[in-house]
Amino acid sequence: GKAVEVADVLASIPGIEVSPYPPHTPMMHIFLKGDKERLERAAQEISRRTGVWLFGGLTPTEVPALHKLELAAGEATLQVSAQEFGELFEALMNTAAASDK
């Protein structure tokens, strides 16, 4: 289904982990590696630029550089292709990493 397609694409991006993988339901956790504030800022920037809302805020985990978000493959998700998801999250990771420099 759609959740598995999205999970496959996201799991292939460096700095992103998906759990459970593959997802057994339309809901999964996405773990993003990097600076929380930079990732959130990058998500807002991408949402403004593309009109696609990635996430509101990230939840901290026990690992300082790893942040979690819950992704439910609902109606809104079905309107974005798995490939587009990949491109958006790849842009997210690159934008957040670029602000390191």
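Is Arg 49 buried or exposed? In this predicted model, Arg 49 has a relative accessibility of 55% and therefore counts as exposed. The same residue takes part in a salt bridge with Glu 45, and the structure holds 2 salt bridges. The points below go from the sheet to the nonpolar core, and then to the charged side chains and the cis peptide bonds.

**The sheet**

- An open sheet is formed by 4 strands in the order β1-β2-β4-β3, and the pairing within it is antiparallel.
- The edges of this sheet are taken by β1 and by β3 (59-60), each of which has a single partner strand, so that one side of each is left without a neighbour in the sheet.
- Strand β1 (residues 16-19) is joined to β2 by 4 bridges, with the two strands running antiparallel, while the pairing of β2 with strand β4 (residues 66-72), also antiparallel, extends over 7 bridges.
- Ile 30 can be followed across these pairings, since it is the bridge partner in β2 of Val 18, and its own bridge partner in β4 is Leu 69.
- Strand β2 (residues 27-33) is mostly covered, with 5 of its 7 residues buried.
- Strands of a sheet, as a general matter, pair through backbone hydrogen bonds, in either a parallel or an antiparallel arrangement.
- Helix α4 lies across β1, β2 and β4, and runs at about 30° to β2.

**The nonpolar core**

- The largest nonpolar core has 28 residues, and those that touch the most other members are Leu 10, Ile 30, Leu 32, Phe 55, Phe 89 and Leu 92.
- Two or more residues are given to this core by each of α1 (2-11), β1, β2, α2, β4 and α4 (82-98), and the largest share, 7 residues, comes from α4.
- Such grouping is a familiar tendency, in that nonpolar side chains of soluble globular proteins tend to be buried together.
- Phe 55, when its neighbours within four places in sequence are left aside, is in contact with Leu 32, Leu 39, Glu 40, Ala 43, Leu 69, Phe 89 and Leu 92.

**Salt bridges in helix α2**

- One salt bridge brings together the side chains of Lys 36 and Glu 40, with an N to O distance of 3.0 Å.
- Both of these residues lie in helix α2 (residues 36-50), where they are 4 residues apart, about one turn of the helix.
- Lys 36 is partly exposed, with a relative accessible area of 28%, whereas Glu 40 counts as buried because its relative accessibility of 16% is under the 20% cut-off.
- Apart from residues up to four places away in sequence, Glu 40 touches Phe 55, Gly 57 and Leu 58.
- The side chains of Glu 45 and Arg 49 meet in a salt bridge at 3.8 Å, again from N to O.
- Glu 45 and Arg 49 are separated by about one helical turn, because they are 4 residues apart in helix α2.
- Glu 45, at 35% relative accessibility, counts as partly exposed, and Arg 49, at 55%, counts as exposed.

**His 29 and its surroundings**

- His 29 has its place in strand β2, and a polar contact of 3.3 Å joins its side chain to that of Glu 70.
- Leaving aside neighbours within four places in sequence, the residues in contact with His 29 are Glu 17, Val 18, Ser 19, Lys 68, Leu 69 and Glu 70.

**Cis peptide bonds**

- Ser 19 and Pro 20 are joined by a cis peptide bond, with omega at about -10°, and Pro 20 lies in the loop between β1 and β2.
- A cis peptide bond also joins Tyr 21 and Pro 22, where omega is about -5°, and Pro 22 is likewise found in the loop between β1 and β2.
- For context, most peptide bonds are trans.

Note on methods:
Residues numbered from 1 in each chain as written. Predicted model: local features only at pLDDT ≥ 70, side-chain atom pairs only at ≥ 80, totals over all residues. Heavy atoms only, no water. Buried < 20%, exposed > 50% of the residue type's maximum accessible area, 1.4 Å probe, protein only. Pairing = 2+ DSSP bridges. Salt bridge = Lys/Arg side-chain N within 4 Å of Asp/Glu carboxyl O. Core = buried A, V, L, I, M, F, W, Y, C linked by side-chain atoms within 4.5 Å. Contact = heavy atoms within 4.5 Å. Axes fitted to C-alpha atoms, helices over the stretch in contact; angles between N-to-C directions. Polar contact = N/O pair within 3.5 Å; in protein donor to acceptor, adjacent residues only side chain to side chain.
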